[in-house]
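Please consider how the nonpolar core of this predicted model is assembled and how its helices contribute to it.

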Amino acid sequence: MLHYVEGQRGERAQIIMEKATERAAIEGRYSPSIISDIVDEVEKMGYKEEDIKLRLTTDLTNRGDYVTGTLVVPNKFFFMLSPALLGFDEDKPLYHVATASRMSEHIN
């Protein structure tokens, strides 16, 4: 059951990034309001703001170039599923990593 829950959290993180990237492509960057919306949505999944890591295109990107974003959040429950059986080091933290990229539509 926990594996299913963690899988759904990872999928939700990917959806959040894809939707935010669609907005960022129109604006030409991840604006402060888009970043705030990402954090708000991820907090609704049960994460604290300090657990959320973002790497985003925040500089204005003109049409034809790409805006790219990556969201990294802890995979909280996978440690209970015996990662050693699946080939993971139990001492290293695991993360959900969601990345999205889209061509900018921003025109000067």
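The largest nonpolar core (a set of buried Ala, Val, Leu, Ile, Met, Phe, Trp, Tyr and Cys residues joined through side-chain atoms within 4.5 Å) has 20 residues, of which Met17, Tyr30, Ile38, Val42, Ile52 and Leu71 touch the most other members. Two or more residues each come from helix 1, helix 2, strand 2 (66-74) and strand 3 (95-103); helices (H or I, at least four residues) and strands (E, at least two) are DSSP runs, numbered from the N terminus. Helix 1 gives the largest share, six residues.

This is a predicted model, in which local features need pLDDT of at least 70 and side-chain atom pairs count only at pLDDT 80 or more, while totals for chains, interfaces and linings use all residues. Residues are numbered from 1 along each chain as its sequence is written, and side-chain values use heavy atoms, with hydrogens and water left out.

In helix 2, Ile34, Ile38, Val39 and Val42 are buried (under 20% relative accessible area; exposed is over 50%, partly exposed in between, with a 1.4 Å probe and protein chains only). Because these buried residues fall within an arc of 135° seen down the helix axis (taken from the directions from the axis to the C-beta atoms), they line one face of helix 2. The face turned away from this buried side carries the exposed residues Pro32 and Lys44.

Not counting residues up to four places away in sequence, Val42 touches Ile16, Tyr47, Ile52, Leu71 and Val73, contact meaning heavy atoms within 4.5 Å. Just after helix 2, Gly46 takes a positive phi of about 105°.
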